[in-house]
Amino acid sequence: MDEDFQILLPETAGPYREAIAQGRLVLPRCGDCGRVHFYPRMICPHCHGADLRWTELPPEGEAYAVTTYRRSPTPHALAYLAHAEGVLILTRIIGETPNIGDRLTLVASSSSTPCARVKRQIEVS
């Protein structure tokens, strides 16, 4: 299922790939400007600094944009997850297609493409 759509990443993105396989989110944070970026790369796209450190982040965010590919052999939805750290993360949606603004949570993925599900709040009465 995950093989239809892959994000191509540099070889240096090993910690990111390992975390995604476990349903965790690890992204580079620049030691010079302090910003996080996605997709993982060898220099900071914001300030061009090279002092990058892998940082574990909460694996959730909000659906920023959503599209459904219906013409592929296996129709699937993709969404940009807007993370609180200010990055947009392209994810493949598992299960119900979200609406813009829905809370998403990352789930384990066997590919380098993050997968997410709609996160439903349990109402307490």
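Which residues does L27 touch, not counting residues up to four places away in sequence? I opened the predicted model with that in mind.

**Entry 1, around L27.** I listed the contacts of L27 and found Y16, V36, H37, F38, P40, R53, W54, T55, L57, V87 and I89, leaving aside residues up to four places away in sequence. Happily, L27 turned up again when I looked at the largest nonpolar core, where it is among the residues with the most contacts inside, together with Y16, L25, I89 and L104. That core has 19 residues. I then checked which elements supply at least two residues each: helix 1 (14–21), strand 1 (25–30), strand 4 (76–82), strand 5 (88–93), strand 6 (103–107) and strand 7 (115–118). Strand 4 gives the most, with 3 residues. I jotted down a reminder that nonpolar side chains tend to be buried together in soluble globular proteins.

**Entry 2, the loop between strand 1 and strand 2.** Next I went to Y39, which sits in the loop between strand 1 and strand 2 (52–57). The peptide bond leading into Y39 from F38 is cis, and I read its omega as near 10°. I had already met F38 on the list of L27 contacts. I stayed in this loop for H48. Its phi is near 65°, a positive value in a residue other than glycine. H48 is exposed, at 60% relative accessible area.

**Entry 3, D102.** Is D102 buried or exposed? I found a relative accessibility of 17%, so D102 counts as buried, the cut-off being under 20%. D102 lies in the loop between strand 5 and strand 6. I followed its side chain to the backbone nitrogen of N99, at 2.9 Å.

Definitions and conventions: Residues are numbered from 1 along each chain as its sequence is written. This is a predicted model: local features need pLDDT of at least 70, side-chain atom pairs count only at pLDDT 80 or more; totals for chains, interfaces and linings use all residues. Side-chain values use heavy atoms; hydrogens and water are left out. A nonpolar core is a set of buried Ala, Val, Leu, Ile, Met, Phe, Trp, Tyr and Cys residues joined through side-chain atoms within 4.5 Å. Buried means under 20% relative accessible area, exposed over 50%, partly exposed in between (1.4 Å probe, protein chains only). Helices (H or I, at least four residues) and strands (E, at least two) are DSSP runs, numbered from the N terminus. Contact means heavy atoms within 4.5 Å. A polar contact is a pair of N or O atoms within 3.5 Å; within protein, one must be able to donate a hydrogen and the other to accept it, and residues adjacent in sequence count only if both atoms are side-chain atoms.
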